[in-house]
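Q: Got a minute to go through this model with me? I'd like to start with a helix, then look at some backbone angles and any holes inside.

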Amino acid sequence: MSVHTTVLTAPSRPRTSAAVLRRPLESSRIPQVPAPAPQAPVLTTTVPRQFVHRAALAEVLLSDWSARDGGGYTVTAQWPRRHSFFALPEDTHYDPLLIAETIRQAGTLLAHAELGVPLGHQFLMSELSVSVLPDHLQIPAAPDTVTLEVTHDAVQERRGQHVGGSYQVVARIGGRTVATGGATYTCISPRAYSRLRASAAAEAAPLTPPVPPQHVGRLSPRDVVLSPAGGDGDWTLRVDTRHPVLFDHPVDHAPGMLLAEAARQAATAVVGPGSVVLSLTARYRRYVELDAPCAVTARLTGSSPAEATVVVTAEQQGAEAFEAIVTARPARSC
């Protein structure tokens with residue numbers, strides 16, 4: 001049982017009634033076996049929000065974890081059937097970016113809870129990937145428990161302290177594989193992070209206008225993370241620090257999931273509305289600052305009736321900061 005799963009049991013203190021006390025002495029030699037107390041249900045909650053670097057409890061997707069025999073860990077999650085942001089327009093299938101966020105949370109959870117990384121350390125993600133089987137991701141009538149099998153294929157230590165690693169994830173619902181993925185990250189102490197980010201701007205640049213939501217697979221303009229830049233396949237990253245999910249808490253750079261969402265939206269614009277993301281592999285090369293424009297470019301590199309491949313890059317101040325390879329199924333094949 002994990003440390004965060006609470007079991008409440010009814011008190012087992014035996015009670016002696018007045019009738020028993022009035023019985024003859026001989027009858028008191030007969031053992032009085034009290035009826036077993038009813039067992040209270042095991043109560044399940046989310047994992048501590050600090051373990052997954054979320055401020056809002058509503059954004060915690062994980063509920064439990066345990067070590068597996070033979071190595072690795074099992075993490076359980078529950079996906080909301082209608083997330084406020086990680087949701088597809090048709091509202092019939094789980095969003096691949098919701099699964100990517102689940103994979104990210106699993107890594108930080110295990111780093112803190114099992115690998116000894118102190119709370120307060122920053123995580124620098126260098127790679128995040130997800131691959132889904134859309135036909136297995138229909139949203140059910142009642143919430144499902146998602147099981148993640150997490151295996152670390154690299155663990156880095158310095159002076160006995162965990163400082164980073166990479167891991168692979170297999171996500172299953174009801175025993176059936178629905179997605180795979182993984183991530184690579186580095187852990188940074190608060191003191192080292194302060195030195196690293198000493199020159200970061202305190203405030204973001206003014207918010208730029210969104211492209212039409214329907215062009216990038218969104219329903220609301222507030223969820224659009226791309227602004228027009230004048231050419232086909234070219235945009236400016238739209239950074240709304242008031243967004244309650246992408247900016248769940250204050251940060252001094254563009255979050256990794258914001259850039260992953262920009263890649264998804266750019267790929268959707270190129271492949272076409274209604275396309276379904278099959279996989280996304282993101283590589284983070286440097287921080288994207290909040291106070292300077294960031295150019296996002298998408299180029300179609302392969303296309304067939306069943307699958308299209310798009311390479312998305314983000315460049316800031318003359319240097320590439322981010323690259324993602326997105327494969328998507330065009331709408332006409334759905």
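Q: Is helix 4 mostly covered or mostly open, and how many of its residues are buried?
A: Mostly covered: 14 of its 16 residues are buried. Keep in mind that this is a predicted model.

Q: OK, and how far does helix 4 reach from its first C-alpha to its last?
A: Helix 4, residues 256-271, reaches 23 Å, close to the 22 Å expected at 1.5 Å a residue.

Q: What follows helix 4?
A: Gly272, and its phi is positive, near 125°.

Q: Switching to non-glycines, what's the phi of Asp91, and where is that residue found?
A: Phi of Asp91 is near 60°, so a positive value in a residue other than glycine. Asp91 is found in the loop between strand 4 (73-77) and helix 2 (96-113). Most residues other than glycine have a negative phi.

Q: And Arg159, what's its phi, and is it buried or exposed?
A: Arg159 has a positive phi of about 55°, and it counts as exposed at 79% relative accessibility. Its place is in the loop between strand 6 (146-158) and strand 7 (161-173). Asp91, by contrast, is partly exposed, at 29%.

Q: Now the holes: how many cavities of 30 Å³ or more are there?
A: Two, from a search of the whole structure. The largest holds about 60 Å³ of space, and the second largest has a volume of about 40 Å³.

Q: Which residues lie nearest the centre of the largest cavity?
A: Arg81, Phe86, Ala87, His93 and Ile139, out of 13 that line it. That lining divides into seven nonpolar, two polar and four charged residues.

Q: What about the lining of the second largest cavity, by class?
A: Six nonpolar, one polar and three charged. Among them are Arg222, Asp240, Phe247 and Leu258.

Technical notes: Residues numbered from 1 in each chain as written. Predicted model: local features only at pLDDT ≥ 70, side-chain atom pairs only at ≥ 80, totals over all residues. Heavy atoms only, no water. Helix = DSSP H or I, 4+ residues; strand = E, 2+ residues; numbered from the N terminus. Expected span 1.5 Å × (residues − 1). Buried < 20%, exposed > 50% of the residue type's maximum accessible area, 1.4 Å probe, protein only. 1 Å grid on protein atoms, 1.4 Å probe; cavity = no way out; pocket = protein on both sides within 12 Å on 5 of 7 lines; lining within 4 Å. Points joined across faces, edges and corners; volume = space filled by probe spheres on them. Nonpolar A, V, L, I, M, F, W, Y, C, P; charged D, E, K, R; others polar.
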